Amino acid sequence: MVDLFIININGSSVSSRLVFILDYLDYTKHGGHKNGKKGGLSGSSFFTWFMVIALLGVWTSVAVVWFDLVDYEEVLGKLGIYDADGDGDFDVDDAKVLLGFKERSASEPTVAPEEVEPYADPEEAPVRAEPRYIHDEVTEQIQPHLQEMVYTEHVEGEDLQQQEGEPAGEPQPEDNDFHTVTAVDDQFETLEPETFHDETVDSYHVEEPVSQDYNQDMEEIMYEQENPDSSEPVVDDERLHHDAVNVPPVEEHQEIPPVKKKKPKLLNKFDKTIKAELDAAEKLRKRGKIEEAVNAFKELVRKYPQSPRARYGMAQCEDDLAEKRRSNELLRRAIETYQEVASLPDVPSDLLKLSLKRRSDRQQFLGHMRGSLLTLQRLVQLFPDDTSLKNDLGVGYLLIGDNDNAKKVYEEVLSVTPNDGFAKVHYGFILKAQNKIAESIPYLKEGIESGDPGTNDGRFYFHLGDAMQRVGNKEAYKWYELGHKRGHFASVWQRSLYNVNGLKAQPWWTPKETGYTDLVKSLERHWKLIRDEGLEVMDKAKGLFLPEDENLREKGDWSQFTLWQQGRKNENACKGAPKTCALLEKFPETTGCRRGQIKYSIMHPGTHVWPHTGPTNCRLRMHLGLVIPKEGCKIRCANETKTWEEGKVLIFDDSFEHEVWQDASSFRLIFIVDVWHPELTPQQRRSLPAI
């Protein structure tokens, strides 16, 4: 007699199991065939083998679970890429969507938004890795908290300002101790509008997280693309109409399957035992229920104080909540919690790296450059073979103006990985800042050609072209054109990086086109008064004219005396030219232009100013001729060259390339007046950060 085994097949009912058994008995009664003919294995032997196989399967499953032979976390993570309903995991609902039994929900993202840069006021939004020209009034704002400057070389037309991207004024407090975060304003709304100096690209500042890889939540994404410039639009990378520049499409422009890398493991052995609780809290965070997620992770930290993953989740929630509430206090707390994660015992190396990298990034966001540098130094100590961390460390040095140590870091990286494109472009960047023009060219060129993450940056195209121009290499404009094609420049001629999209762009303007005819008439009517006060300052206090020292001159002597800068009146300077200052007070389009200056400019014979561009398309520049030699002085903007006349105003857009020659036998004196671009709205004029 055959023993009956009740087999539960996927939760089938008792009646269905009974039908299965009766059918089986009928099968065995007839020797394996319902027609009574014997054939193949007998019923008993078939059943015996069936049971043997079944038992082997059961014990194999037990062994797999008992001895932890399968990394279920990894399996679930891989299934996570098929998450169709946006809940962060793969479940029955996802299977129904994939099989066509259920519609995909349009309201839920397939991947939860992670690590979006926080605290983006219209006046305070940090610039991401987008093309510098394709910014509207909101996205054009640069990260407000970065106070450190790297290079002092200017790329500006007849002015002495510093670089946009290096905020002026009082610096934010910095971390002097690795374990402490100093205080800044509690609410982002209270931050003062940032100011930037008038250099185009020489100051190194953060426009995106300095890490070559975006900080992503690895619990959420099994695979990620190595695509740090993904915010830049894909543009056609066809060959230039000139002789082709040998530059492969950079990573974000290549139409090839994304390079995938395995998800780091973030759970230690203990955290695997509480994975269900961690997942439940994480799901709240991914669904945007930040307050609930904070409470859930706090409870997990209370119950399991030695759990690195629970504390990391709490840090992420604090980070997210700081973004939501735009609170520096919460962000400082998140920075501390990331540090607490790194201080726990038995932290998986991948989690340790993620925590410290995010800590460094958030410190930089608050302007704590030295604290961020200490974090980066610790990362390099912990992971000495990770060259990407060394590259980040080099950027950290650049952000505090320590070019020498940054140079040493990149030399070390290149000695180990000589084809590292990120290290090459930054090393070339440093060499050019040191005025080692010819030496910088191969590093900048090869770095861009590598297409490595972090190399597709307008500053590198700019400096490569500029270096080539200075050594007489005619390929400069090919690189400018490539930079234009890749979205970094508005055109080959107009290469400013901080712009408002849609403004009228032309090199030369007439007074009528600007709409500032009253200002122009007043300047031309009172030109002799302006001239006489300028000459008097030259005679009485020659030291007030400061020499241009930003490496814009190939040769010669060029100095300036500034009355207004970034929309702020220089009261002491105006004591030397009181009537001129009183005259200008009537015209807020210039005195209120926080992206420009008002100043005298004197240039002596034998001076040549290299071709260069201003930092922004948000202003126009007026030149009033005061003392102009009869011949030998000229200015080129784009492809048109003009000369000054005494008592007459020239108007041009200095975001276009311009160049100056002074080959006369006596000095040339002009009066420079910057005005807002006439198409900017009143709101834009109030909210745009200063340059």
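**Exercise 1. The annotated repeat**

Task: The UniProt annotation "repeat: TPR", from an unreviewed entry, covers residues 387–420. Determine which secondary structure makes up residues 387–420 and how far apart the end C-alpha atoms lie.

Solution.
- The model is a predicted one, and the annotation comes from the UniProt record.
- Residues 387–420 are 79% helix and 0% strand.
- The end C-alpha atoms of this span are 9 Å apart.

**Exercise 2. Helix 14**

Task: Compare the end-to-end distance of helix 14 (residues 421–433) with the span expected at 1.5 Å a residue. Then establish how many residues of helix 14 are buried, what covers them, and what is found at the start and after the end of the helix.

Solution.
- Helix 14 has 13 residues, and at 1.5 Å a residue they should span 18 Å. The end C-alpha atoms are 18 Å apart, so the expected and modelled spans agree.
- Twelve of the 13 residues of helix 14 are buried, which leaves the helix mostly covered. Among the buried residues are F422, V425, F429 and L431, and also K424, H426 and K432.
- The cover over these buried residues includes helix 12 (387–399) and helix 13 (403–416), together with helix 15 (437–450) and helix 16 (458–470).
- At the start of helix 14, the backbone nitrogen of F422 has a side-chain oxygen of D420 within 3.1 Å.
- After helix 14 comes N435, with a positive phi near 65°.

**Exercise 3. The coiled-coil annotation and its surroundings**

Task: An unreviewed UniProt entry assigns "coiled-coil region" to residues 314–341. Describe residues 314–341 in terms of helix content and end-to-end distance, then decide whether R326 and D346 are buried or exposed.

Solution.
- Residues 314–341 are 93% helix and 0% strand, and their end C-alpha atoms lie 10 Å apart.
- R326 is in the loop between helix 8 (308–325) and helix 9 (328–343). Its phi is positive, near 55°, although R326 is not a glycine.
- With a relative accessibility of 16%, R326 counts as buried, since the cut-off for that class is under 20%.
- D346 lies in the loop between helix 9 and helix 10 (349–365). D346, also a residue other than glycine, has a positive phi near 55°.
- The relative accessibility of D346 is 56%, so D346 counts as exposed, the cut-off being over 50%.

**Exercise 4. T337 in helix 9**

Task: Find which residues T337 contacts beyond its neighbours within four places in sequence, and which backbone oxygen lies 2.9 Å from a polar atom of its side chain.

Solution.
- T337 belongs to helix 9 and is buried, at 3% relative accessibility.
- A polar atom of the T337 side chain lies 2.9 Å from the backbone oxygen of R333.
- An α-helix has 3.6 residues a turn, so residues three or four places apart point the same way.
- Beyond four places in sequence, T337 is in contact with R311, M314, A315 and E318.

**Exercise 5. G483 in helix 17**

Task: State where G483 is placed, and identify the residues G483 touches beyond four places in sequence.

Solution.
- G483 is located in helix 17 (residues 476–485).
- Its relative accessible area is 0%, so G483 is buried.
- Setting aside residues up to four places away, G483 touches Y461, H488 and F489.
- G483 and D457 are 26 residues apart along the chain, and their C-alpha atoms are separated by 8.6 Å.

**Exercise 6. The cysteines**

Task: Find how many disulfides the model contains, give the handedness of the one between C574 and C581, and explain why C618 does not bond to C593.

Solution.
- The count is one disulfide, joining C574 to C581 with an S to S distance of 2.2 Å.
- The torsion about the S-S bond of C574 and C581 is about -85°, so this disulfide is left-handed. Both C574 and C581 are buried.
- The cysteine sulfur closest to that of C618 is in C593, 8.7 Å away, which is too far for a bond. The cut-off for a disulfide is within 2.5 Å.
- C618 is buried, at 0% relative accessibility. C637 is likewise buried, with a relative accessible area of 0%.

**Exercise 7. The whole chain**

Task: Give the number of helices and strands in the chain, the percentage of buried residues, and the percentage of contacts made by residues 24 or more positions apart.

Solution.
- The chain has 24 helices and 13 strands.
- Of its 691 residues, 55% are buried.
- Among contacts with a separation of 6 or more, 72% are between residues 24 or more positions apart.
- The accessible surface is about 30,200 Å², with 54% belonging to carbon and sulfur atoms.

Technical notes. Residues numbered from 1 in each chain as written. Predicted model: local features only at pLDDT ≥ 70, side-chain atom pairs only at ≥ 80, totals over all residues. Heavy atoms only, no water. Helix = DSSP H or I, 4+ residues; strand = E, 2+ residues; numbered from the N terminus. Buried < 20%, exposed > 50% of the residue type's maximum accessible area, 1.4 Å probe, protein only. Contact = heavy atoms within 4.5 Å. Areas by Shrake-Rupley, 256 points an atom, 1.4 Å probe, with all protein chains shown as cover. UniProt positions renumbered as here; feature names shortened; annotations may be inferred. Expected span 1.5 Å × (residues − 1). Polar contact = N/O pair within 3.5 Å; in protein donor to acceptor, adjacent residues only side chain to side chain.
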